[in-house]
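Work through the exercises below with the sequence and the coordinates open. Each task is followed by a worked solution.

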Amino acid sequence: EKIVLSRKKIFTYDSPIEMPVLFREVYEANKNSSHFTIYNQFNYLESFISLTPERLFTLKEQKLETISLAGSIARGATPEEDAKLESELAASDKLTREHNIVTKAIEEKLRPILSELVISSLMTMKLPYIQHRQAKITGTLKDTTTVLELIDLLHPTPAVGGIPHLKAKSK
């Protein structure tokens, strides 16, 4: 139904770089658009950096908040071009269907464990080089679902890999 093609970038350098300094610079440049950051230095010569606009969820007491994020288009070089691209994003049947698939999958997973499930109208999340369609999904946990159970339930979302998950992953 949906598959996400992605790529991994591996950088090598001729001389050592200070990874904590690089991570801090990348984080500072993206802190207004990134919800989740990871930095792990495996050893002196290898490290992993991830910055993503997608937040799996937040949980405060029994109140859960997550987002569905799918459908994307580039940012414009000028405010006028950016607005035109955002309009194209909002008007695209393909990208709207893509977003609806992700939202529906998240809703189906959460509905059994949430009361008062609310899905916002679509809005645009603007990042430095790309813009995405986004909806906020909120609700109240009905029972004592644990954080680890929520992670298991929600990760990965179809926005990250596809749906059905195992079939999309095998492609």
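The exercises move from the whole chain to its strands and then to single residues of this predicted model.

**Exercise 1. Overall composition**

Task: State how many helices and strands there are in the protein, and in what order the elements run from the N terminus.

Solution.
- Step 1: The protein has five helices and nine strands.
- Step 2: Read from the N terminus, the order is β-α-β-β-β-β-α-α-β-β-β-α-β-α.
- Step 3: The chain has 171 residues, and 30% of them count as buried.
- Step 4: Among contacts with a separation of 6 or more, 62% are between residues 24 or more positions apart.
- Step 5: The accessible surface is about 11600 Å², with 55% of it belonging to carbon and sulfur atoms.

**Exercise 2. The partners of β8**

Task: Find which strands pair with β8, taking β5, β6 and β7 in turn, and give the number of bridges for each.

Solution.
- Step 1: Strand β8 spans residues 130–141 and is joined to β5 by 11 bridges, the two running antiparallel. Within this pairing, A70 stands opposite R133.
- Step 2: β6 also pairs with β8 in the antiparallel sense, over four bridges. Here I119 has I137 as its bridge partner.
- Step 3: Strand β7, residues 123–126, is antiparallel to β8 and is joined to it by four bridges. M125 has H132 as its bridge partner in β8.
- Step 4: β7 and β8 form a hairpin, with three residues between them.
- Step 5: As for cover, nine of the 12 residues of β8 are buried, and the strand is mostly covered.

**Exercise 3. The β4–β5 hairpin and positive phi**

Task: Describe how β4 and β5 pair, and say where E61 lies.

Solution.
- Step 1: β4 (residues 58–60) and β5 (residues 63–74) are antiparallel and pair over three bridges. T58 stands opposite E65 in β5.
- Step 2: The two strands form a hairpin with two residues between them. E61 lies in the loop between β4 and β5.
- Step 3: E61 is not a glycine, yet its phi is positive, near 55°.
- Step 4: E61 counts as exposed because its relative accessible area is 75%, and the cut-off for exposed is over 50%.
- Step 5: For E116, phi is also positive, about 55°, and this residue is not a glycine either. E116 is found in strand β6, residues 114–119. Its relative accessibility is 57%, so E116 counts as exposed.

**Exercise 4. A buried arginine**

Task: What is the nearest side chain of opposite charge to R133, and how far away is it?

Solution.
- Step 1: R133 is found in strand β8 and is buried.
- Step 2: The nearest side chain of opposite charge is E86, 5.3 Å away.
- Step 3: A salt bridge requires a nitrogen–oxygen pair within 4 Å, and R133 has no salt bridge.
- Step 4: Leaving out residues up to four places away in sequence, R133 touches a set of residues that includes S68, L69, A70 and G71. Also among them are L89, A90, H99, L122, M123 and T124.

**Exercise 5. Cover and distance for selected residues**

Task: Decide whether S87, A105 and F11 are buried, partly exposed or exposed, and place each in its element or loop.

Solution.
- Step 1: S87 lies in helix α2, residues 79–91. Its relative accessibility is 48%, so S87 counts as partly exposed. The C-alpha atoms of S87 and T124 are 9.9 Å apart, although 37 residues separate the two along the chain.
- Step 2: A105 is found in helix α3, residues 93–110. Its relative accessibility is 8%, so A105 counts as buried. A105 and S68 are 37 residues apart along the chain, and their C-alpha atoms are separated by 9.3 Å.
- Step 3: F11 is in the loop between β1 (2–3) and α1 (19–30). Its relative accessibility is 57%, so F11 counts as exposed.
- Step 4: F11, Y13 and I17 make a nonpolar surface patch of about 330 Å².

Notes
Residues are numbered from 1 along each chain as its sequence is written. This is a predicted model: local features need pLDDT of at least 70, side-chain atom pairs count only at pLDDT 80 or more; totals for chains, interfaces and linings use all residues. Side-chain values use heavy atoms; hydrogens and water are left out. Buried means under 20% relative accessible area, exposed over 50%, partly exposed in between (1.4 Å probe, protein chains only). Two strands pair if DSSP finds at least two bridges between them. Lys and Arg count as positive and Asp and Glu as negative; His and the chain ends are not counted. Contact means heavy atoms within 4.5 Å. Patches are made of residues with over 30% relative accessible area and no salt bridge: like charges are joined within 9 Å, nonpolar side chains (Val, Leu, Ile, Met, Phe, Trp, Tyr) within 5 Å. Accessible areas come from the Shrake-Rupley method with a 1.4 Å probe; for residues, only the protein chains shown count as cover.
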